[in-house]
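Here's a quick walk through a fold, taken one feature at a time. Pull up the structure and follow along.

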Amino acid sequence: MKDFFKLQEAGTNVRREIVAGLTTFFTMAYIIFVNPNMLSETGMSWEGVFVATCLAAAVGTLIMALFANVPYAVAPGMGLNALFAYTVCLAGGFTWKQALAMVFICGLINIVITVTKLRKSIVKSIPESLQNAIGGGIGLFIAYLGFNNAALISFTGAYPSVTPGMQPLNTPSLVLAVIGLMIIVILMVMQVKGAILIGIVATTIIGIPMGVTQIPSSIFSDSGTWTGFREVAFAFFGGDGFVSLFSDPAKIPFVIVTIFSMCLSDTFDSIGTFIGTGRKSGIFDAEDEKALEGSGFKSRLDKALVADSFATSIGALFGTSNATTYVESSAGIAAGGRTGLTSLVTAIMFLICLPFAGLIGMVPGAATSPALIVVGILMVEPFAKIKWTDFSEAVPAFFTVAVMSFTYGITNGIAAGFIMYCITLICTKRAKDIHPIIAGASILFIVDIILKAI
């Protein structure tokens, strides 16, 4: 084991790697509660998504451990699951099988752009201000989902005179959600490791005497769990998935721009996490980062990106939204994790969760909604990097964030940001600075808008 993971070269040991792996798991384990709750709103089996989440996280993280030998964990990504459930299915009118087909295609595309020079072109084509706006905008969108799922927001009247407001704290579920939010916020402020997971568990327990948390007849997985998994696994193959996805010509532009949006979010999430944590810890060096400009997968960073790309397609096969490298891996790295042994431990922990679907299924939405709000807080950090005093930079960034949140659609926000970016550059006589990829994507977005209007 020491030789396989090259522990001595990395300046670490087995005990430190195990502790780091456990730290990473407990920091990101909230996804096994949150992801099934979100995706089940599309009509997917909760139990099926639970199994798919655990398997996608375990297999993706195992690839990261054994192929790339880096201390990063993979799981269905926050923001990407919101895009899947709320933008593609609930707002876009696609079935969850069609959405899984999009995720699978996105994974294949990411594999191609990761092992070719296209990766460099795509990353460099998006201005930094838009990258930050997209990342922060998704965070704000997730926080909004948390407030809405917790029923903290009320809507009165009928269209077009719908008025949003603050819901009175007059139901046990809403009171429990507020209690859960306070618990997680306090733990986060106190820098308690695994604060989100601890908060979810504590809120679930508090919900028992309040009548919100329902005690299951069994804490273990039963036949229904595996039946649910069979319903979602490999479900997008055939007429209800791939075939029907491209059967309506009017929806093809939306399909293309949605897959493009998935690829963007996944790519920036992964590269941002790797570069942000890898250089500081010494896991990756400048030579690794130079590999982003080439092809193949010789460096550790190249291998890590390939592992991340495969994880998305594998997750779709199991029946879940895009898997991506978790920034929570930084907790394990801070605990001393430096090799794939850290990831191996994390993957094993996800597998250990599989037999306990009954226990995990008792977690109410009032316990997971606060987690969404706090994750949203963590994700809006990129807003600070946008030059809001520069109006030409602020306009595309603002429209990205505002449209994404106000229209309940991540793709809508990216479309607005790209189009406004092109307009600002054209008006300031800098049209030649618009990258062909940005221009092409903007044209696709405009075509999609026109077709929807028609």
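What follows goes from a charged pair to a helix, and from there to a cavity.

Keep in mind that this is a predicted model. Start with the charged contacts: the count comes to one salt bridge. Its partners are Lys97 and Asp240, whose side chains meet at 3.6 Å, N to O. In sequence terms that's a long-range link, with Lys97 in helix H6 (residues 96-114) and Asp240 in helix H12 (residues 239-245), 143 residues apart. Lys97 has 23% relative accessibility, so Lys97 counts as partly exposed, given that buried means under 20%.

Now stay with H6. This helix has 19 residues and reaches 27 Å from its first C-alpha to its last, close to the 27 Å expected. Of those 19 residues, 15 are buried, so H6 is largely enclosed by the rest of the structure. Helix H3 (residues 31-39) is mostly covered too, with eight of its nine residues buried; among them are Ile31, Phe33, Asn35 and Leu39.

H6 also turns up at the cavity. How many cavities of 30 Å³ or more are there? The count is one, and the largest cavity has a volume of about 90 Å³. It is lined by 11 residues, and the closest to its centre are Asn110, Thr114, Thr267, Leu305 and Ser309. H6, helix H13 (252-281) and helix H15 (300-318) each supply at least two residues of that lining, and H13 gives the most, with four. By class, the lining has three nonpolar, five polar and three charged residues.

Notes. Residues numbered from 1 in each chain as written. Predicted model: local features only at pLDDT ≥ 70, side-chain atom pairs only at ≥ 80, totals over all residues. Heavy atoms only, no water. Salt bridge = Lys/Arg side-chain N within 4 Å of Asp/Glu carboxyl O. Buried < 20%, exposed > 50% of the residue type's maximum accessible area, 1.4 Å probe, protein only. Expected span 1.5 Å × (residues − 1). 1 Å grid on protein atoms, 1.4 Å probe; cavity = no way out; pocket = protein on both sides within 12 Å on 5 of 7 lines; lining within 4 Å. Points joined across faces, edges and corners; volume = space filled by probe spheres on them. Nonpolar A, V, L, I, M, F, W, Y, C, P; charged D, E, K, R; others polar.
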